[in-house]
Amino acid sequence: GGVACSSGMSAVTLSLLNILQAGDEVIAGSALFGGTLDLLHDLEAFGIKVHFIPRVEKALIEPFLTDKTRAVFGEIVGNPALNVMDVRETADFLHGKGVPLIVDSTTSTPYLLNPIQYGADVVVHSTSKYINGSGDAISGIIIDSGNFDWDAYGEKFHGLTRPDESYHGIVYTEHFGKSAYIAKINAQLMRDL
Ligand SMILES: *Cc1c(COP(=O)(O)O)cnc(C)c1O
């Protein structure tokens with residue numbers, strides 16, 4: 001499933017806020033798009049700790065993985081650093097550890113790469129860039145593979161696995177199955193913001 005957003009930064013922000021709460025931790029590249037780095041620093045004010053690693057790869061992720069880790073976030077081709085991430089190796093390492101891999105694939109574009117084929121759980125794009133073609137309009141998109149098993153790690157992802165009183169008491173994973181993550185964004189964050 002996918003959800004269109006009003007900017008790339010909106011897509012990045014909502015992709016993370018959809019599964020984070022105070023006390024949670026994220027592991028992210030330190031050579032990301034500047035706006036994303038600012039966002040990740042700003043999340044600290046809400047009790048979300050971000051560990052920055054110079055490259056998003058197994059050996060550097062491993063020391064920071066804890067039972068509080070809720071996501072690993074990286075850019076497949078960094079903007080502007082152009083560092084390249086091995087999506088398959090990172091995804092294979094994270095799967096079975098209960099941590100979704102969220103990738104920003106803006107620079108690699110959907111024309112050149114489908115990160116879901118390489119195991120990414122959630123993909124975001126700033127569609128203000130190559131997809132737009134001329135950079136004269138702002139937009140973003142979040143694509144969920146539907147492959148991450150939120151229920152298997154329900155204790156970590158309460159927002160998806162416990163009733164949402166603001167939305168008819170629905171449990172997203174029960175009611176929406178593989179669309180749970182996107183359904184929650186639509187029902188909550190898109191309503192709020
Ligand atoms: C531009 C960009 C963003 C932010 O997108 P906006 O549409 O400008 O909000 C996020 N990630 C990457 C990699 C970008 O290049």
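1. Arg70 is a reasonable place to start reading this predicted model. Arg70 sits in strand 4. With a relative accessibility of 8%, Arg70 counts as buried, because the cut-off for that word is under 20%. The side chain of Arg70 has polar partners. One is the side chain of Asp24, in a polar contact of 3.4 Å. Another is the backbone oxygen of Asp67, which lies 2.9 Å from a polar atom of the Arg70 side chain.

2. Strand 4 belongs to an open sheet of 7 strands. Their order across the sheet is 1-7-6-5-4-2-3, and the pairing is mixed. Strands of a sheet pair through backbone hydrogen bonds, and a pair may be parallel or antiparallel. Reading the order from either end gives the edges: strand 1 (2–5) and strand 3 (49–53). Each of these has a single partner strand, so one side of each has no neighbour in the sheet. On average, neighbouring strands of the sheet are turned by 20° against each other, with direction ignored.

3. What joins strand 1 to the sheet? The link is made of 4 bridges to strand 7 (residues 140–144), and strands 1 and 7 run antiparallel. To find this pair in the structure, look for Ala4, which stands opposite Ile141 in strand 7.

4. After strand 4 (69–75) comes a loop that leads to helix 4 (87–94), and Pro80 lies in that loop. Is Pro80 buried or exposed? Its relative accessibility is 66%, so Pro80 counts as exposed, given that exposed means over 50%. Arg70, at 8%, counts as buried. Pro80 and Thr109 are 29 residues apart in sequence, and their C-alpha atoms are 14 Å apart in space.

5. The ligand deserves its own point. The number of residues that surround the ligand is 13, and the closest are Asn79, Asp104, Ser126, Ser128 and Lys129. By type, the shell around the ligand holds 7 polar, 3 charged and 3 nonpolar residues.

6. Which side chains place a polar atom 2.7 Å from an oxygen atom of the ligand? Asn79 does so, and so does Lys129. Asp104 has an N or O atom of its side chain 2.6 Å from a nitrogen atom of the ligand. As for cover, the ligand taken alone exposes 380 Å², and the protein buries 92% of that area.

Terms used
Residues numbered from 1 in each chain as written. Predicted model: local features only at pLDDT ≥ 70, side-chain atom pairs only at ≥ 80, totals over all residues. Heavy atoms only, no water. Near = heavy atom within 4 Å. Polar contact = N/O pair within 3.5 Å; in protein donor to acceptor, adjacent residues only side chain to side chain. Areas by Shrake-Rupley, 256 points an atom, 1.4 Å probe, with all protein chains shown as cover. Nonpolar A, V, L, I, M, F, W, Y, C, P; charged D, E, K, R; others polar. Helix = DSSP H or I, 4+ residues; strand = E, 2+ residues; numbered from the N terminus. Buried < 20%, exposed > 50% of the residue type's maximum accessible area, 1.4 Å probe, protein only. Pairing = 2+ DSSP bridges. Axes fitted to C-alpha atoms, helices over the stretch in contact; angles between N-to-C directions.
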